[in-house]
Amino acid sequence: MPAGIRFPTVRLPGSAEELRAEVREFLSCEITAGAFSPRCDSWLGGYSPEFSRKLGERGWLGMTWPKRYGGHERSALERFVVTEELLAAGAPVASHWIADRQSGPSILRHGTEVQKKRFLPAIARGECFFSIGMSEPESGSDLASVRTGAERVGGGWRVNGTKIWTGGAHRSHHAIVLCRTSPPEERDRHAGLSQLILDFSTPGMTVTPIRLLTGEHVFNEVIMGDVEVPDGMVLGNIGDGWRQVTSELAFERSGPERFLSTFPLFVELVRALGRDPRERAKVEVGVLGARLWTLRRMSLSVAGALEAGDAPEVEAALVKDLGTGFEREVAEAARLLVPSGSALPEGFTARLAEAITHAPAFTLRGGTSEILRSIVARGLGVR
Ligand SMILES: Cc1cc2nc3c(=O)[nH]c(=O)nc-3n(C[C@H](O)[C@H](O)[C@H](O)COP(=O)(O)OP(=O)(O)OC[C@H]3O[C@@H](n4cnc5c(N)ncnc54)[C@H](O)[C@@H]3O)c2cc1C
């Protein structure tokens, strides 16, 4: 591995494997009881506030946060095991996903004491859901160009602008919104950005669906018209938005959701191929399995680095780029390896349809492949 990019081996402690058995037992009971049916991309489309509350009751949300904020002071590796089991089972985790993965850790790191006490215990109980308010119609990859503006008014800020692709905005309670609180500086276009915590029930917030190719409603356009935000809902420091947003990225890009979105299809593929598949199928499934295992070890290594307090932004970009490419290839392999004329198990055709229709988004959300590769190139010193 070239200097500058490191994936030290991380081994899971015995406690994590005990936890894995506990999570598997819980999931198997939930499936048997009909609480959910496994699906692909369940962290984007599998909404179930009830299921999130059940995870909260078991202590599987806010796992690494301090107990005084409703957390459970467990390790990032234990959290990794819980999230990989949930995703592998295709469980409905979308309601709490952003709050638990990203918004909660940001509030823990940058928030005021009042914000921590208000939001973190509620997120850990599975009762408070967040969305990411970063992208805008003309600002996706080039996030520093956001035009949503917050102007100073007595005791707070007045926000005007439009966010787009806002996952779960129609079901979340809050969004952390990146906005301009002062114009960019000539030498630093990242200056003047700030993060505000907006409540979707505030007057002036309008959420309009943008439907997926499948007709599913998972993301939205969010228009903010003269939305009043009190000073107490500024996250971190005014003007520090860029630094804060980029510190979220390693959390956003390196987790098992970046290579397990189509895992429920992989399981169905192996089932559909049966006990004696053709040689080509054996080879392809073997190669996919080996890649999956490598990605998992890389992702685990990033989890270990995050646990140690590092910010492995480049390694996280690499995991996301390779992982989301892999997720798409699982869909492609399943399509090509199983003969279309054969009587196919219902589970296989349903997972294949989910994977194919969701796959175009895998390499876009959370940063496109081109952007990730440019981060990796910079990390390697070749750009
Ligand atoms: C399923 C899904 C869920 C999402 N959820 C959210 C959400 O909850 N909240 C949120 O804020 N956003 C969300 N997004 C938005 C996502 O972050 C953006 O789509 C992404 O950052 C790309 O931005 P864009 O769509 O504006 O594309 P653009 O930035 O316009 O890019 C278009 C193309 O140009 C390429 N490109 C752009 N700049 C460069 C460059 N400098 N060098 C090389 N190539 C370049 C890109 O790689 C891409 O191929 C979501 C997107 C998807 C698909």
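Here is a short set of questions and replies about the predicted model above.

Me: What should I keep in mind about this model and its numbering?
Reply: The model is predicted, so local features need pLDDT of at least 70 and side-chain atom pairs count only at pLDDT 80 or more, while totals for chains, interfaces and linings use all residues. Residues are numbered from 1 along each chain as its sequence is written, and side-chain values use heavy atoms, with hydrogens and water left out.

Me: Why is S131 called buried?
Reply: Buried means under 20% relative accessible area, exposed over 50% and partly exposed in between, with a 1.4 Å probe and protein chains only. S131 has a relative accessible area of 1%, so it is buried. Its place is in strand β1 (residues 130-133); helices (H or I, at least four residues) and strands (E, at least two) are DSSP runs, numbered from the N terminus.

Me: What makes A169 a polar contact of S131?
Reply: A polar contact is a pair of N or O atoms within 3.5 Å; within protein, one must be able to donate a hydrogen and the other to accept it, and residues adjacent in sequence count only if both atoms are side-chain atoms. The backbone nitrogen of A169 lies 3.4 Å from a polar atom of the S131 side chain. Leaving aside neighbours within four places in sequence, S131 is in contact (heavy atoms within 4.5 Å) with residues including I98, H174, I176 and F200.

Me: How do you know that R296 is buried or exposed?
Reply: R296 has 12% relative accessibility, so it counts as buried. This arginine lies in helix α9. Apart from neighbours within four places in sequence, R296 is in contact with L12, R20, F80, E84 and F259.

Me: Why is strand β5 described as largely enclosed?
Reply: Because 6 of the 7 residues of β5 (residues 193-199) are buried, the strand is largely enclosed by the rest of the structure.

Me: What makes β4 and β5 a pair?
Reply: Two strands pair if DSSP finds at least two bridges between them. Strand β4 (residues 174-180) and β5 have 7 bridges, in the antiparallel sense, and I176 has I197 as its bridge partner in β5. β5 also pairs with strand β8 (residues 234-235), antiparallel over 2 bridges, where Q195 stands opposite L235.

Me: What makes the largest group of nonpolar residues a core?
Reply: A nonpolar core is a set of buried Ala, Val, Leu, Ile, Met, Phe, Trp, Tyr and Cys residues joined through side-chain atoms within 4.5 Å. The largest one here has 41 residues, and those with the most contacts inside it are L27, F51, V93, L265 and L269. Its largest share, 6 residues, comes from α10. Among the contacts of F51, leaving aside neighbours within four places in sequence, are L27, L86 and V93.

Me: Which residues are closest to the ligand?
Reply: Of the 16 residues that surround the ligand (a heavy atom within 4 Å of it), the closest are S135, S141, W165, T368 and E370.

Me: How do you know that T368 and E370 make polar contacts with the ligand?
Reply: An N or O atom in the T368 side chain is 2.6 Å from an oxygen atom of the ligand. For the E370 side chain, the distance to a ligand oxygen atom is 2.6 Å. A backbone N or O atom of W165 lies 3.0 Å from a nitrogen atom of the ligand. These distances fit the polar-contact limit of 3.5 Å.
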